[in-house]
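Here are my notes on the model you passed along, set out as numbered points. Please read them with the coordinates open beside you.

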Amino acid sequence: MSLTERYFLKPEERLKSRKAIDTLFAKGKSFSNYPFRILWRSADEPGGLKAGFTASSKNFKKATDRNRIKRLIRESYRLQKTELQNITEDNGKSLHVFFIYVGKELPDYDEVYGKTGIILKRLIKQISGNAE
């Protein structure tokens, strides 16, 4: 039996509520790290970490392309979110994050994985800066 850690992205960790998404777009903070634009919002109520993912139908006409991009982002996020998740749980806050893919070409997994890691480190830095 293996003792490796397992990573999940459960349905409770996905940002699906229309009200929460609208609030995030209206009151959230954002930054860009090409080919992503990130919207995030921290709140004092407990709720954990929730994330949403999208790719523009303006740039990608085929749904299969948009689904592939979202699948790549979800997978790289799932594997790298543990540090961010631990910080939100330790602080007893909730964090909503929305990944928007704004690039115009189909990415490969290595590019998405690298950029997601950079984005999550930046989020941790910004959350830690706001907490102090």
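1. In this predicted model, the side chain of Ser76 comes to 3.1 Å from the backbone oxygen of Ile73, and Ser76 itself belongs to helix 2. When you inspect this polar contact, please note that Ser76 has a relative accessibility of 0% and therefore counts as buried, the cut-off for that class being under 20% relative accessible area.

2. Which residues does Ser76 touch, once those up to four places away in sequence are not counted? The contacts of Ser76 are then Tyr109, Val112, Tyr113 and Thr116.

3. Helix 2, which spans residues 63-80, packs on a sheet and touches strand 2, strand 3 and strand 4 (94-101). The direction of helix 2 makes about 155° with that of strand 3.

4. The sheet in question is open and consists of 4 strands in the order 1-2-4-3, with mixed pairing. Its edges are formed by strand 1 (29-33) and strand 3 (48-55), each of which pairs on one side only. On average, and with direction ignored, neighbouring strands of this sheet are turned by 20° against each other.

5. Strand 1 and strand 2 (residues 36-43) deserve a separate remark. They pair in the antiparallel sense over 5 bridges and form a hairpin in which 2 residues lie between the strands. At the level of individual residues, Asn33 has Phe36 of strand 2 as its bridge partner, while the bridge partner of Ser32 in strand 2 is Arg37.

6. Is Tyr101, a residue of strand 4, buried or exposed? Its relative accessible area is 0%, so Tyr101 is buried, again by the criterion of under 20%. A polar atom of the Tyr101 side chain nevertheless has a partner to examine, since the backbone oxygen of Glu105 lies 2.8 Å from that atom.

7. The surroundings of Tyr101 connect several of the points above. Not counting residues up to four places away in sequence, Tyr101 touches Pro35, Phe36, Thr54, Ala55, Ser56, Phe60, Ile69, Ile73, Leu106 and Pro107. Among them, Phe36 is the residue that pairs with Asn33 in the hairpin, and Ile73 is the residue whose backbone oxygen the Ser76 side chain reaches.

8. Finally, a distance that can be checked directly in the coordinates concerns Tyr101 and Arg66, which are separated by 35 residues in sequence and by 9.3 Å in space, taken from C-alpha to C-alpha.

Notes:
Residues numbered from 1 in each chain as written. Predicted model: local features only at pLDDT ≥ 70, side-chain atom pairs only at ≥ 80, totals over all residues. Heavy atoms only, no water. Pairing = 2+ DSSP bridges. Axes fitted to C-alpha atoms, helices over the stretch in contact; angles between N-to-C directions. Contact = heavy atoms within 4.5 Å. Buried < 20%, exposed > 50% of the residue type's maximum accessible area, 1.4 Å probe, protein only. Polar contact = N/O pair within 3.5 Å; in protein donor to acceptor, adjacent residues only side chain to side chain.
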